[in-house]
Amino acid sequence: PEQCTVLGDSADEIKGFEDFVVEFMSNHKNDYIFMVVDENLDVVDESSGTDECISGSVCVENIRRRLPYELERRLFALVRSANDSTSDIAIYNDCAHGFLP
């Protein structure tokens with residue numbers, strides 16, 4: 001449990017997810033990171049009260065692009081989603097290392 005980090009309890013955690021992972025990996029350069037990210041990250045904009053859905057696969061893709069090669073190769077990221085059409089899975093596999101139903 002002390003080697004696990006669970007995020008997504010608040011809108012701030014979801015919106016800051018990409019920055020958190022990049023910083024975390026920069027601070028743990030010798031570690032291997034296994035990440036499972038839900039595809040549909042629902043948040044409520046507290047200022048307007050409107051619902052917003054952030055794509056977990058897009059977050060993973062952004063994280064992978066931001067990481068230097070030496071760190072990205074230490075990351076194994078899966079997208080979890082109930083949406084399992086062939087086209088959806090192809091998108092997840094393009095953005096992450098795989099798909100988890």
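**View 1. Three strands of this predicted model form an open sheet in the order 1-4-5.** The pairing is parallel. Strand 1 and strand 5 (98-100) stand at the edges, each with a single partner strand, so one side of each has no neighbour in the sheet. On average, neighbouring strands are turned by 30° against each other, direction ignored.

**View 2. Strand 1 pairs with strand 4.** The two strands run parallel and are joined by six bridges. Val-36 has Leu-78 in strand 4 as its bridge partner. Helix 2 lies across both strand 1 and strand 4. Helix 2 runs at about 175° to strand 1. Helix 3 also packs on the sheet, where it touches strand 1 and strand 4. The direction of helix 3 makes about 145° with that of strand 1.

**View 3. Helix 2 (residues 17-27) packs with helix 3 (residues 56-66).** Their angle is about 35°, and their axes lie 10 Å apart. The crossing is right-handed. From helix 2, Phe-17, Glu-18, Asp-19, Val-21 and Val-22 take part in the contact. They meet Val-58, Cys-59, Asn-62, Ile-63 and Arg-66 in helix 3. The residues of this contact are six nonpolar, one polar and three charged.

**View 4. Helix 3 has buried residues.** They are Gly-56, Ser-57, Cys-59, Val-60 and Ile-63. These residues sit on the same side of helix 3, because they cover an arc of only 155° around the axis. The buried residues pack against helix 2 and helix 5 (86-95). Their partners also include strand 1 (33-38), strand 2 (40-44), strand 3 (51-55) and strand 4 (75-80).

Conventions. Residues are numbered from 1 along each chain as its sequence is written. This is a predicted model: local features need pLDDT of at least 70, side-chain atom pairs count only at pLDDT 80 or more; totals for chains, interfaces and linings use all residues. Side-chain values use heavy atoms; hydrogens and water are left out. Axes are lines fitted to C-alpha atoms, for helices over the stretch in contact, and angles run from 0 to 180 degrees between N-to-C directions. Helices (H or I, at least four residues) and strands (E, at least two) are DSSP runs, numbered from the N terminus. A crossing is left-handed if the near helix is turned anticlockwise from the far one by less than a right angle, and right-handed if clockwise. Contact means heavy atoms within 4.5 Å. Ala, Val, Leu, Ile, Met, Phe, Trp, Tyr, Cys and Pro count as nonpolar, Asp, Glu, Lys and Arg as charged, and the others, Gly among them, as polar. Buried means under 20% relative accessible area, exposed over 50%, partly exposed in between (1.4 Å probe, protein chains only). The arc is that of the directions from the helix axis to the C-beta atoms. Two strands pair if DSSP finds at least two bridges between them.
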